[in-house]
Structures are given as structure tokens and as C-alpha cells.
Amino acid sequence: MTWDDVTRVEGKPPSPVRVPTKRDCACLIVLAGSAMGEMYKLTRERTVIGRGQKAQVRMIDDGVSREHCEIVMEGDKAVLHDLGSTNGTFCRGTRIESQELEDGDKILVGSGTVLKFTFHDNLDETFQRQMYESALRDDLTKIFNKKYFTDRVESEFAYSFRQKTPLALVTFDVDHFKEVNDTYGHPAGDYILAEMAAAVQGVVRVEDVFARVGGEEFSIICRGADIAQGRIIAERLRQTVSSHSYVFVEKKILVTVSAGVAAIPDPRIVDAQGFVAAADHALYEAKRTGRDRVCLWR
């Protein structure tokens, strides 16, 4: 451990006080919100929290201002400052203008984004990363799971809908996947899914969210992409999948995918559920018209 045990003698029984050593790093862990489970190291002298592009810790949840608050490192101290946010910054349950942070303090920004301030050493950081990955990643493909996708599509849609910024959703699945399982066995099917996901991950943009949302069904949330850009992303992944080599127990297996694309702003799509349904409808159209193709929701 990297904590020094310090005791106070003030006529009371001594109690341990946790004091960070030089090896510890100040961090924020997201306890609630669209980025739940994420950990941010506070390596800058000044770290801005907000939904704007310039924020170092970007939270796109409801009620978060563009530059909502900041944490300033002053030697061994960390001080939280509100930056004139609309809905205020809360620490220890109280709205604050400025507050020196203690290890374990909870910070509320917006309607329900909760951050925990703490000090981590390398062991703590590794454990936190492992917990985050295990909770939000699919065991087989190692990409995000359905729960994470559901949370993110809700928050990303709400933000884009409110700001009238483009957002595309690409949904695709493996063509004739049941035949692969029936012909080569379920281990071959698992191999195909893992191999295909790894290939697609290589062409997905850093800012996008790639998730497994069903047995052989996957989705990509494409931030800042309109319907035309969503189609380009879908076509790129379709070609990537079909050109990749899949060899299981010395047997080469042909793999293709069908994809559907929806995007906002669109006056017909008013909530995240409708957004997902629109992309699914386009996927079904790609299946109906021959597979191994991309269709747009119209």
C-alpha cells in the first residue's frame, strides 16, 4: 500500500488517517452518468469538467454546463470551483462556490452525474480499470455490452437532440449466422464473432461507441455523423468484414454482414427508442433485399 498510517493524539483513542504519498495520483471516478465507471487522472494544474469540447472531463448528461466546474491542484491540495454553472456544483450534499476536496468526496454536477474524488496508486488504478472493463465489456468480443450501449445511446441521443447536432446509429449483424453454427459448431460461431469484432474495432473511430447488442447483432453510435457519414462508416465496416480471412480448424469460412443506418436530426425520430428502432428497420431492409449490403432508414 502507498498510504502512511498517521495517528492523532488529542486525548482520544488514536485513529488512522489516510495521507497520500508522492506516488499517489488524484483521480475522479464516475459513479453515475453516461461515463459511469470511467476514471480520469487529474494530472493538470487545472481540470475543467463540463459538456463542452474544451472540457478535460467531458460529461454530456442533462444539466451539465459547457464549463461546469474545475478542480485546481495546489500542491498537495485539490480545490473544487464552480464556474458559474446553471444548475450548480454540489459537494458533500451542499451547493458550493469553492471547496477543498478530501479523499472520498462525492461531487454532483447536472441532474445526476456523480463523481468521486480520490487518490489512487498504480495498484488501485489497475483494479479500477479491471472492474470497469468487466462491468461494461462483452466477455466474448471484448467490446462494450448491451447495458453500456443502452445507457450511452440514451445520453448521446438526448444531447444531440437538444443541441441539434448530428448523430448516426449503425446496426449490423452476421448474415446466415445460424448456418455457421449448424455447419461448423458453436465454437466456430464464437470464433467468428470475436474475430469479426476485432476487425471492425480497427476501423471504428475513437469517438464512436461499438457494442454487442445481441447474439450476432452489433451497433455503433457515431457522434457528429449525419446519415451520409453514417453510410460511409457502415460501408467501410461491411467491406472490412467481407475481406477479412476467417479460418477455423483449417476451414475457411465466408462471413458477411448486413447493416442499417439511422441519423438525427430527423423530425420523425423523437426519442432514443425510436432511434434504435429506425436503425433496426433499415437493417431488416438490408436483410430482405439480399444481405451483405447497407440500407438507410427512410
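Modeller: Two strands count as paired if DSSP finds at least two bridges between them, and a strand is a DSSP run of E with at least two residues, numbered from the N terminus. This is a predicted model, where local features need pLDDT of at least 70, side-chain atom pairs count only at pLDDT 80 or more, and totals for chains, interfaces and linings use all residues. Residues are numbered from 1 along each chain as its sequence is written, and side-chain values use heavy atoms, with hydrogens and water left out.

Colleague: OK, so why are β12 and β13 called a pair?

Modeller: DSSP asks for at least two bridges, and β12 and β13 (residues 113–120) have four, in the antiparallel sense. V109 sits opposite T113 of β13. Three residues lie between the strands of this hairpin, and G110 has a positive phi near 70°.

Colleague: What pairs with strand β9?

Modeller: That's β12: β9 (residues 89–91) joins β12 through three antiparallel bridges, so the pair passes the cut-off of at least two. F90 has L108 of β12 as its bridge partner.

Colleague: Which side chains of β12 are buried?

Modeller: I107 and V109, which share one face of β12 (residues 106–109); K106 and L108 point to the other and are not buried. "Buried" means under 20% relative accessible area, "exposed" over 50% and "partly exposed" in between, with a 1.4 Å probe and protein chains only. In general, side chains of a regular strand alternate between the two faces of the sheet.

Colleague: And what makes β15 and β20 edge strands?

Modeller: Look at the open, mixed sheet first: its order is β15-β16-β14-β19-β20. β15 (209–212) and β20 (294–296) each pair on one side only, and that makes them the edges. From one strand to the next, the twist averages 20°.

Colleague: How many bridges join β14 to β19?

Modeller: Eight, with β14 (residues 167–174) and β19 (residues 257–264) running antiparallel. One of the partnerships is D173 with S258 of β19.

Colleague: Which helix touches β20?

Modeller: Helix α6 (residues 272–288) packs on the sheet, touching β14, β16, β19 and β20, at about 145° to the direction of β19. A contact means heavy atoms within 4.5 Å; axes are lines fitted to C-alpha atoms, for helices over the stretch in contact, with angles from 0 to 180 degrees between N-to-C directions. Helix α2 (residues 146–163) lies across β14, β15, β16 (217–223) and β19, at about 30° to β16.

Colleague: How many helices and strands are there in the protein?

Modeller: Six helices and 20 strands; a helix is a DSSP run of H or I with at least four residues. Buried residues make up 47% of the 298 residues.
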